[in-house]
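Visitor: I have a structure on my screen and would like to be led through it with care. Could we take it one question at a time, with the reasoning spelled out?

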Amino acid sequence: MTNLDSKSTTPATLGVKATAMAETSSAIGRRSILMLGLGLFAGCATARSKGARLPSPIWPDASLLASRSVVVAVEPLPATPPLAGVIPRSSWTKGNPQMDNIDPMLPIKWITIHHDGMSPFSATDFASCASRIELIRNGHRGKGWADIGYHFVIDRSGRVWEGRDLRYQGAHVKDQNEGNLGILCVGNFDQQSPSMAQLAALDRHLRICRAKYKVKASAVLSHQEWASARTACPGRNLQAKMNGIRRAIA
Ligand SMILES: [Zn+2]
């Protein structure tokens with residue numbers, strides 16, 4: 001796989017510029033760059049390679065959501081006990097999901113791992129991490145989505161945060177969100193490496209989720225491992241660890 005980001009190595013311009021370079025060939029990229037400029041971009045929809053044809057939207061497009069002919073608010077499913085060690089979403093946001101465009105979660109069969117693909121992020125303090133997650137949620141809401149797309153978020157100190165309530169389907173892999181639990185590791189792993197604490201927490205949380213929802217190790221995928229996904233997510237430095245992660249939790 002050719003990853004354009006491997007060519008974007010000018011040290012002083014890492015971050016927004018490198019991300020922008022990776023996306024210059026697509027309409028999605030132009031929109032993302034615009035949103036970066038507005039401080040609103042958040043997501044893992046980086047183009048897989050410069051040579052790829054224009055990618056279709058990585059996630060449901062706002063216009064598709066808006067075109068639903070019948071809008072019916074979803075009845076919340078019964079609340080489930082929080083998973084061990086997870087920081088509740090009330091700790092980082094006062095925002096509620098938009099209930100008229102969210103679907104109930106189906107039985108969980110898959111787990112998908114992402115990075116946020118924004119500028120590199122090294123902070124570990126609670127407030128900075130909470131702000132980063134709220135930034136991502138606002139970016140997703142700005143696209144017309146019901147809520148942050150991921151169910152869990154893991155920061156560099158190894159905290160696991162609740163994202164979208166697991167009673168609801170996520171929005172993190174194009175056309176493959178049914179029964180698909182989304183985990184975001186904050187950072188840009190084309191430009192930095194996941195921390196040891198982050199990887200340890202990911203391992204721990206995958207074990208908890210696998211045990212609770214009976215998900216096979218082989219059904220733990222990275223975003224780019226979905227055949228339909230044209231994305232560099234979760235970045236080469238986390239992608240390189242995927243086989244090891246699956247072996248460790250098997
Ligand atoms: Zn992703």
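Guide: One term has to be settled before we begin: a residue is called buried if 20 or more other C-beta atoms lie within 10 Å of its own, exposed if 12 or fewer do, and partly exposed in between. Please also keep in mind that this is a predicted model.

Visitor: Which residues are exposed on the other side of helix 5, away from its buried residues?

Guide: The buried residues of helix 5 are Q198, A201, L202, H205, L206 and C209. They cover an arc of only 135° around the axis, which puts them on the same side of helix 5. On the other side of helix 5, the exposed residues are M196 and A211.

Visitor: How far apart are the end C-alpha atoms of helix 5, and what span should its 18 residues have?

Guide: Helix 5 takes in residues 196–213, and at 1.5 Å a residue these 18 residues should span 26 Å. The expected span agrees with the model, in which the end C-alpha atoms are 25 Å apart.

Visitor: Which residue just after helix 5 takes a positive phi?

Guide: Just after helix 5 there is a residue whose phi is positive, at about 55°, and that residue is K214.

Visitor: What do the buried residues of helix 5 pack against?

Guide: Several strands are partners of these buried residues, namely strand 2 (110–115), strand 3 (152–154), strand 4, strand 5 (180–185) and strand 6. A helix is also on the list of what they pack against, and that is helix 7 (242–249).

Visitor: In what order do the six strands of the sheet lie?

Guide: The sheet is open and its pairing is mixed. Its edge strands, each pairing on one side only, are strand 1 (86–87) and strand 6 (220–222). Read across the sheet, the order is 1-4-3-5-2-6.

Visitor: Which residue of strand 4 stands opposite V86?

Guide: Strand 1 pairs with strand 4 (residues 160–162) over two bridges, in the parallel sense. Within strand 4, the residue opposite V86 is V160.

Visitor: Which residue in strand 5 is the bridge partner of I111, and which one stands opposite F152?

Guide: Strand 5 runs parallel to strand 2, to which six bridges join it, and it also runs parallel to strand 3, with three bridges between them. The bridge partner of I111 in strand 5 is L181, while the residue of strand 5 opposite F152 is I183.

Visitor: How many of the six residues of strand 5 are buried?

Guide: N180, G182 and L184 point one way from strand 5, whereas L181, I183 and C185 point the other way, and all are buried. Strand 5 is therefore mostly covered, since a residue counts as buried with 20 or more other C-beta atoms within 10 Å, and the number of its residues that are buried is six of six.

Visitor: Is T93 buried, exposed or partly exposed?

Guide: T93 lies in the loop between strand 1 and strand 2. Leaving aside neighbours within four places in sequence, T93 is in contact with E134 and R137. Because T93 has 17 C-beta neighbours inside 10 Å, it counts as partly exposed.

Visitor: How far apart in space are T93 and S131?

Guide: These two residues are 38 residues apart in sequence. In space, taken from C-alpha to C-alpha, the distance between T93 and S131 is 8.8 Å.

Definitions and conventions. Residues numbered from 1 in each chain as written. Predicted model: local features only at pLDDT ≥ 70, side-chain atom pairs only at ≥ 80, totals over all residues. Pairing = 2+ DSSP bridges. Helix = DSSP H or I, 4+ residues; strand = E, 2+ residues; numbered from the N terminus. Expected span 1.5 Å × (residues − 1). Arc of directions from axis to C-beta. Contact = placed C-beta atoms within 7 Å.
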